[in-house]
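Please report on this protein model for a reader who will work with its coordinates, covering confidence, overall build, the surroundings of the ligand and unusual backbone geometry.

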Amino acid sequence: MKPVSWLIATFGLVVTTASATIGAQSSLSGNPILPGWYADPEAHVFAGEYWIYPTYSAPYDQQTFMDAFSSKDLITWQQHPRVLSVRDVSWARRALWAPSIVEKDGWYYLFFGANDIQNDQQLGGIGVARSRRPDGPFIDYLGKPLIDKFHNGAQPIDQMVFKDRDGTFYIVYGGWRHCNIAKLNAEFTGFVPFPDGSTFKEITPAGYVEGAFMLLKDNKYYFMWSEGGWTGPNYAVAYAIGSSPFGPFERVGKILQQDSSVATGAGHHSVVQSPASGKWYIVYHRRPLGETDRNHRAVSIDELHFDERGFILPVKITTSGVPADPLDTTAKNGAEFCASAGCTRGRSSWLSTNRPHG
Ligand code: FUB
């Protein structure tokens, strides 16, 4: 880790306390928004706060934990160290990657990749841990991986758990240029086979590499993914639109990529909608200009816009980030807000009460 002065110069941040409350100096978030090297961020709204769950970006053997970050306004972020650790997952050793979180029945379920398995003989894959609180600690739920084999050529990594409009939870995942979807059972202990008897359906669109993400908005299923190699400058995000979670998904085009005046390697993202402003945000990682170390990835945020036909406009990546978008924690909780405002929730998740945490 670099000295604090370097952090301030590089990230434009003020570290105000040793317990890691991080605040920008203006009413803009600035980019990157998190201090240090993190990647694969998944953003949510839980319990009246924004949350980001990223991969700790370091050599695989050092990726033995995950931190989380919370904010009331997208400007000031509080670090929650080690919400998940390999100490609490007997089968996980290293390469804890790409967390995806859902709230269900008073539990937060954190799905993660571990061990970067290269074949079916190795131990690892996609696991699930759970906690009563968004800041953990998340404890292994199954005592074994949820997906521990390659299916349809997909490496079991980079999962995203998606709640459909009928309440069904699907896991969309895969590395090595293949993407599968499977229907989770009610307990999240396994899967419900599809009517044709299969469990893992391949939905790989043209160009897909990894980093699957799905969003339901205005009755359209937006499927997004990362393209290119994550270690290089050309990493990017593209998308397709389908009428069901199973597609078919035809690639529309790139929405996120490097900008030679801002940063390189912009990819592996998530999308969250503010319940306060209704604005959509894309949260992603990128490599600061001049950095070539593959693990030097930093989490950033920019606004995401849809056109009147529902297509996603290419994102302009910025160093300024986004303006404050405060959540009124004394107001209605998220579910009530959406019921009255008719907002589309996307990846945001709501508690039935504004349960305090932290
Ligand atoms: O952070 C580890 C890996 O890098 C992720 O699983 C990929 O999506 C890439 O971002």
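The protein averages a pLDDT of 89, pLDDT being the predictor's confidence in each residue, from 0 to 100, and 84% of the residues score at least 70. This is a predicted model, in which local features need a pLDDT of at least 70 and side-chain atom pairs count only at pLDDT 80 or more, whereas totals for chains, interfaces and linings use all residues. Residues are numbered from 1 along each chain as its sequence is written.

Confidence is highest in strand β8 (residues 107-114), at a mean of 99, and lowest in helix α1 (residues 4-11), at 38. Over residues 1-19 the pLDDT is below 50, and this stretch has 25 contacts in the model beyond near neighbours in sequence; residues 331-358 also have a pLDDT below 50, with 56 such contacts. Two residues are in contact if their C-beta atoms, placed from the backbone, lie within 7 Å. Where pLDDT is low, the predicted coordinates should not be read in detail.

The protein has 2 helices and 22 strands, taken as DSSP runs numbered from the N terminus (helices H or I, at least four residues; strands E, at least two). Of its 358 residues, 48% are buried, meaning that 20 or more other C-beta atoms, placed from the backbone, lie within 10 Å of the residue's own, while exposed residues have 12 or fewer and partly exposed ones fall in between.

The residues around the ligand, those with a C-beta atom, placed from the backbone, within 6 Å of it, include Asp40, Trp97, Asp158, Glu210, Trp230 and His268. At least two residues of this shell come from each of β3 (38-46), β7 (97-104) and β16 (210-217). By class, the shell has 5 nonpolar, 4 polar and 3 charged residues, where Ala, Val, Leu, Ile, Met, Phe, Trp, Tyr, Cys and Pro count as nonpolar, Asp, Glu, Lys and Arg as charged, and the others, Gly among them, as polar.

Most residues other than glycine have a negative phi, and most peptide bonds are trans. The table lists two cis peptide bonds.

| Cis peptide bond | Omega | Place of the proline |
|---|---|---|
| Asn31 to Pro32 | about -5° | loop between β2 (21-24) and β3 |
| Gly247 to Pro248 | near 5° | loop between β18 (236-242) and β19 (250-256) |

His268, which belongs to the shell around the ligand, has a positive phi near 35°; His268 lies in strand β20 (residues 263-273) and is buried, because 31 other C-beta atoms are within 10 Å. Asn152 has a positive phi of about 55° and sits in the loop between β10 (139-140) and β11 (160-163); with 14 C-beta neighbours inside 10 Å, Asn152 counts as partly exposed.
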